Amino acid sequence: MDLLNTLVDKGLRRELPTREEALAVLATSDDDLLEVVAAAGKVRRQWFGRRVKLNYLVNLKSGLCPEDCSYCSQRLGSKAEILKYTWLKPDEASKAAAAGVAGGAKRVCLVASGRGPTDRDVDRVSQTIEAIKEQNEGVEVCACLGLLSEGQAGRLRSAGADAYNHNLNTSEGTYGDITTTHTYADRVETVQQAQAAGLSACSGLIAGMGESDSDLVDVVFSLRELDPDSVPVNFLIPFEGTPLAKEWNLTPQRCLRILAMVRFVCPDVEVRLAGGREVHLRSMQPLALHLVNSIFLGDYLTSEGQAGQADLDMIADAGFEVEGAGTTTLPRHRTEAGAEPETGGGCGGHSAGCAPCGDVADESAVVDAEAPAARTDLVAVRRRGAGTDLAPNA
């Protein structure tokens, strides 16, 4: 397939595909799926070999968020029956993190619901970061606390944080349909603040919220331009009690096409398979390892994942290996000070403002012939780990 040969060549050169090429990946048929996975797998292996980085989530504060993000079980007005608790103490968070590290996680992601941290919250999280670093030598810590105020990113960096996560989630054009209590620009600004403070930026998306293929390409091109080191790809978990509870738009095949498109557009960054993989990829999860080089181990913020040992078995059975603590995740050209992509910046050979560049042959969503059946049986609310007396899943 000429399209795939072109995309592999561009991925090996870190050159940005055209919008038409990215859209064409999403429009490929199921008959071509294995060819798409194999092509994107060549790009993945060029930059990351067969290594899989493990990450572990610790939900520092669950529920009771004042923001109205439609996808979120912790949102204002959510009727989802999730765990609700206030801030974990530093020793409680450190204990939860240690379980993930013992399971093989190289990075611990500290997440707290809310619009953004107060200065007191930053102090609290700083103490937690210090406790985790003291007890787990070499572990990376990523904070995810919402919108940052001036100076907060620097304080987190001084406390030992390695990275900051703040996802764009969806395209700028559709963002207002998903959230009204903050803007897309607010999110971009927070990612840029993290980068300016010397934190490794982590920013990704959520697929399956009813967006079109064009929306997916828009947000992934925007992420390429923003140039984070890590791009988590979440698949909507349609929690009962949230506005998007009836949005069951994904098949395993569509999820794989989305992941392949992200890899072609972001060839040399850490593409992380994040929330919803068990719900939507199901038995096809091992194929996704040919596209991504990073996953979450065990449970998520408010939902349960598959058993941590099952994750490790899946990686081994698929012929991959867990990335060790002494290995640098990103390719050398992304970690060397002052390194620039060969094609002249995050947008490759394209002009500034990637998202709208190029004519799009078809702006409509490409949908599967039949809507996938709702698999509510696979949406399990987390009842163990942080905030409970039960052992975590790691």
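Arg282 lies in the loop between α11 (277–280) and α12 (285–288). In this predicted model, phi of Arg282 is near 55°, a positive value in a residue other than glycine. Most residues other than glycine have a negative phi. Arg282 has a relative accessibility of 29%, so it counts as partly exposed, since buried means under 20% and exposed means over 50%.

A positive phi of about 60° is also found at Arg14, again not a glycine. The loop that holds Arg14 runs between α1 (2–12) and α2 (19–26). Is Arg14 buried or exposed? With 4% relative accessibility, Arg14 counts as buried.

## Salt bridges

Side chains of opposite charge can pair when their charged atoms come close. The structure contains 22 salt bridges. Three of the pairs are set out below, with the distance from N to O.

| Pair | Distance (N to O) | Separation along the chain |
|---|---|---|
| Arg254 and Asp213 | 2.7 Å | 41 residues |
| Arg334 and Asp229 | 3.1 Å | 105 residues |
| Asp268 and Arg334 | 3.8 Å | 66 residues |

The salt bridge between Arg254 and Asp213 links distant parts of the chain, with Arg254 in helix α10 (residues 252–265) and Asp213 in helix α9 (residues 213–226). Arg254 has a relative accessibility of 7% and therefore counts as buried. Asp213 is buried as well, with a relative accessible area of 1%.

Arg334 takes part in a salt bridge with Asp229 and in another with Asp268. Where in the chain do Arg334 and Asp229 lie? Arg334 belongs to helix α14 (residues 332–335), while Asp229 is in the loop between α9 and β7. Asp268, for its part, is in the loop between α10 and β8 (270–273). Both of these pairs connect distant parts of the chain. Arg334 counts as buried because its relative accessibility is 18%, and the limit for a buried residue is under 20%. Asp229 also counts as buried, at 18% relative accessibility, and Asp268 is buried with a relative accessible area of 7%.

Salt bridges may also join into a network. Lys53, Arg107, Glu140, Glu270 and Arg272 are linked in this way.

## Aromatic rings

How many aromatic pairs does the structure contain? The count comes to two. In the pair of Tyr175 and Tyr184, the ring centres are 6.0 Å apart and the planes stand at 65°, so the pair is edge-to-face; planes over 60 degrees apart fall in this class. Tyr175 is buried, with a relative accessible area of 2%, and Tyr184 counts as buried at 9% relative accessibility.

Phe296 and Tyr300 form an aromatic pair that is likewise edge-to-face, with 6.3 Å from centre to centre and 80° between the planes. Both Phe296 and Tyr300 are buried.

A ring can also lie beneath a charge. The charged end of Arg50 sits over the ring of Phe320, at 4.4 Å from its centre.

## Cavities and pockets

A search of the whole structure finds four cavities of 30 Å³ or more. The largest cavity holds about 900 Å³ of space. Its lining consists of 42 residues, and Tyr71, Cys72, Gln74, Asn167 and Leu301 are the closest to its centre. Which strands each supply at least two residues of this lining? They are β2 (107–112), β3 (140–144) and β7 (230–235). By class, the lining of the largest cavity comprises 23 nonpolar, 14 polar and five charged residues.

The second largest pocket has a volume of about 280 Å³. It is lined by 13 residues, and those nearest its centre are Glu92, Lys95, Gly385, Ala386 and Thr388. Seven nonpolar, three polar and three charged residues make up the lining of the second largest pocket.

Key:
Residues are numbered from 1 along each chain as its sequence is written. This is a predicted model: local features need pLDDT of at least 70, side-chain atom pairs count only at pLDDT 80 or more; totals for chains, interfaces and linings use all residues. Side-chain values use heavy atoms; hydrogens and water are left out. On a 1 Å grid over the protein atoms alone, a cavity is a set of points where a 1.4 Å probe fits but cannot get out, and a pocket is an open set with protein on both sides within 12 Å along at least five of seven lines; lining residues have an atom within 4 Å of a point. Grid points are joined across faces, edges and corners, and a volume is the space filled by probe spheres set on the points. Helices (H or I, at least four residues) and strands (E, at least two) are DSSP runs, numbered from the N terminus. Ala, Val, Leu, Ile, Met, Phe, Trp, Tyr, Cys and Pro count as nonpolar, Asp, Glu, Lys and Arg as charged, and the others, Gly among them, as polar. Rings of Phe, Tyr and Trp (its six-membered ring) pair if their centres lie within 6.5 Å; planes under 30 degrees apart count as stacked, over 60 as edge-to-face and the rest as tilted. Buried means under 20% relative accessible area, exposed over 50%, partly exposed in between (1.4 Å probe, protein chains only). A charge sits over a ring if NZ of Lys or CZ of Arg is within 6 Å of the ring centre and within 35 degrees of the ring normal. A salt bridge is a side-chain nitrogen of Lys or Arg within 4 Å of a carboxyl oxygen of Asp or Glu.
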